[in-house]
Amino acid sequence: MTLLSVNINKVALIRNSRGRNYPDVAAFAARCLDLGAAGITLHPRPDQRHARYSDVETLGALCQARGVELNVEGYPTREFMDVVIAARPAQCTLVPDEPGQLTSDHGWDLRRHEKQLREVIAELSAHGIRSSLFVDYDNADIPFARELGADRVELYTEPYAETYGQPENAAIWQGFADAAKLAQDAGLGVNAGHDLNLENLGRFLQIPGILEVSIGHAIVVECLEMGVQQVMQAYQNIIHQTA
């Protein structure tokens, strides 16, 4: 069954806007876990405009106490890697973000960044941290991620999300299904994330073998509209229906 990892970056962004710990990021994460989330995702950026490096330690302790996984995403600067290795999350998803980037909008060029990725993945593996690489669905080099030592890939799903409900979406969905199979045939686990929501997730999860979806922005917006308990129950219903 696919696992839901709730990305709490937007909650951290609201917290930071007032300069104090309100809303409490850890409390929101705990509430999501209480309501059925299987894990928590955090993507601290160098400017720490939303998630902070200190949140990695806090949420790592929470997830460890609950027996669930923390997934830390980000660009592998030395500072980022030091934070990840100190916290020892279950998974680290490597994302090719520029320092001032608004949000993730593309996957890795695996061959161009081969040397860097090999070194970073080896370091994560040496500390018992599962690695995942953020990739575009139409990247023919997806199997190369396995040669680099990665355990999983995360399919960047915005092309699917932004065309959902339009005629061209069927072909794009098939492209994602083909990418997932390509990765799985190479021995890679497959995660997915970016702009998935209550409307489009069910169709996406008809792709076999998706291990984890990380969703944050949509969940926060949907919680504002519907309430946390109703939103989390709706996600659980979708995931169980497609299991």
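Start by selecting Arg-49: with 23% relative accessibility, this residue counts as partly exposed. Keep in mind as you go that the model is predicted. Now add Asp-47 to the selection, and you will find its side chain joined to that of Arg-49 by a salt bridge, 3.1 Å from N to O. Asp-47 is partly exposed too, at a relative accessible area of 44%. This pair is one of 11 salt bridges in the structure.

For the next stop, select Arg-15 and Asp-55. Their salt bridge has its closest N and O atoms 2.9 Å apart. Colour by helix here: Arg-15 sits in helix H1 (residues 9-16) and Asp-55 in helix H3 (residues 53-66), so this contact ties together parts that are 40 residues apart in sequence. Switch on a surface and check both ends. Arg-15 has a relative accessible area of 3% and is buried; Asp-55, at 7% relative accessibility, counts as buried as well.

Then move along to helix H5 (residues 114-126) and pick Glu-119 and Lys-115. The two side chains meet in a salt bridge, 2.7 Å from N to O. Within the helix they are 4 residues apart, which means about one helical turn separates them. Is Lys-115 buried or exposed? At 60% relative accessibility, Lys-115 counts as exposed, while Glu-119 is partly exposed, with a relative accessible area of 46%.

For a last selection, take Arg-78, Asp-82 and Glu-123 together: salt bridges with shared partners join these residues into one network.

Key:
Residues are numbered from 1 along each chain as its sequence is written. This is a predicted model: local features need pLDDT of at least 70, side-chain atom pairs count only at pLDDT 80 or more; totals for chains, interfaces and linings use all residues. Side-chain values use heavy atoms; hydrogens and water are left out. A salt bridge is a side-chain nitrogen of Lys or Arg within 4 Å of a carboxyl oxygen of Asp or Glu. Helices (H or I, at least four residues) and strands (E, at least two) are DSSP runs, numbered from the N terminus. Buried means under 20% relative accessible area, exposed over 50%, partly exposed in between (1.4 Å probe, protein chains only).
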